[in-house]
Amino acid sequence: MLAEMYKKREKLAYVFLALTVLMVVGWLIFQTPESTEEWWEMLFFLLPFGLVISFIAISRSHYNKVKDLEIPKSTKSLSELKELVIKKDAAFIPRLLLFEKSGEFIGSIEMKRLKWWMYPLLLREASLLTMFPMTYVFLGDDGEIRLSFRKTGGVKQSKLMIYDTENKMIGTYIQEELKAMINIKGKLYNERQEFILPIQASGFSGNFSWNDQQDQRWAYFYNGMFPHEYTDLFKDTQNDIVELSENISEEDKTRLFAVIGYLFFTRINS
């Protein structure tokens with residue numbers, strides 16, 4: 001899985017290299033330099049060439065380091081998970097990779113389907129995609145859908161409709177000021193539209209927790225260590241980790257997964 005991630009990134013770099021070559025060739029055909037000074041100005045194109053080639057070399061180096069590394073798969077169900085390490089994939093189309101703190105791969109959260117006009121936004125800033133209606137899925141390590149959620153709404157308010165494996169709606173999350181970076185506020189409801197959890201975060205900085213109205217903690221967010229075997233791929237410190245309560249129901253934990261996945265998606269940059 002990790003080797004595949006770097007292989008995708010290397011292939012993407014080759015695509016950018018080909019586009020850069022086409023741009024240079026097109027420039028030479030339609031704007032052929034006529035003086036020595038103009039030919040020297042062509043050296044400007046060496047910069048993107050150098051960046052892309054270095055990107056290819058780094059991706060290849062990381063691929064060689066992890067190609068024989070076997071990442072164990074988690075054997076736990078959603079209700080049994082106690083901690084999540086959340087990492088951004090290196091692929092062109094954004095997705096989140098989820099691990100147990102001990103290193104077992106849990107699965108991924110990704111966009112179900114992109115419309116053709118959304119792809120140019122990936123070149124600008126991937127998090128812009130979260131402003132548009134979109135269906136997200138949580139895929140287990142076996143590729144099966146464990147939950148899904150549909151985002152609707154606009155800039156002032158976003159709404160998530162959360163579904164279980166049988167595509168039954170089990171909850172709703174409503175968040176004010178979608179792109180607020182300083183203070184995120186929202187409310188989580190069950191399938192009967194009963195308010196069950198307030199959501200609040202100050203830009204995901206520092207350690208903080210989400211507690212219900214009975215002051216029972218559902219989730220605790222902090223930055224921490226990840227297994228040293230993966231430091232060639234991920235940082236060994238300051239990883240986004242979420243500690244999950246063992247005292248909430250499986251449906252509540254499913255709802256919580258949807259909210260966590262969506263909020264971390266809004267933080268993904270190109």
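Let us start at one residue: leaving aside neighbours within four places in sequence, L256 is in contact with L197, W210, W218, A219, L244 and I248, where contact means heavy atoms within 4.5 Å. The structure you are looking at is a predicted model, in which local features need pLDDT of at least 70 and side-chain atom pairs count only at pLDDT 80 or more, while totals for chains, interfaces and linings use all residues. Residues are numbered from 1 along each chain as its sequence is written, and side-chain values use heavy atoms, with hydrogens and water left out.

L256 is also one of the residues with the most contacts inside the largest nonpolar core, which has 47 residues. A nonpolar core is a set of buried Ala, Val, Leu, Ile, Met, Phe, Trp, Tyr and Cys residues joined through side-chain atoms within 4.5 Å. Buried means under 20% relative accessible area, exposed over 50%, and partly exposed in between, using a 1.4 Å probe and protein chains only. Helix 5 (residues 250–265) gives the most to this core, with 9 residues. Helices (H or I, at least four residues) and strands (E, at least two) are DSSP runs, numbered from the N terminus.

Helix 5 itself is mostly covered, with 14 of its 16 residues buried. From first C-alpha to last, helix 5 reaches 22 Å, close to the 22 Å expected at 1.5 Å a residue; the expected span is 1.5 Å times one less than the number of residues.

Now turn to the strands. An open sheet of 12 strands follows the order 9-8-7-6-5-4-3-2-1-12-11-10, with antiparallel pairing; two strands pair if DSSP finds at least two bridges between them. Strand 9 (195–201) and strand 10 (208–211) stand at the edges with a single partner strand each, so one side of each is left without a neighbour in the sheet. Further in, 6 bridges join strand 11 (residues 217–224) to strand 12 (residues 239–244) in an antiparallel pair. Here Y220 stands opposite E243 in strand 12.

Between strand 2 (95–99) and strand 3 (105–111) is a loop that holds G103. Why does G103 count as buried? Because its relative accessibility is 0%. G103 and V85 are 18 residues apart in sequence, and 8.5 Å apart in space, C-alpha to C-alpha.

Finally, the unreviewed UniProt entry lists residues 12–30, 42–59 and 121–139 as "transmembrane region"; such annotations may be inferred rather than shown by experiment. Over residues 12–30, the chain is 100% helix and 0% strand, with the end C-alpha atoms 27 Å apart.
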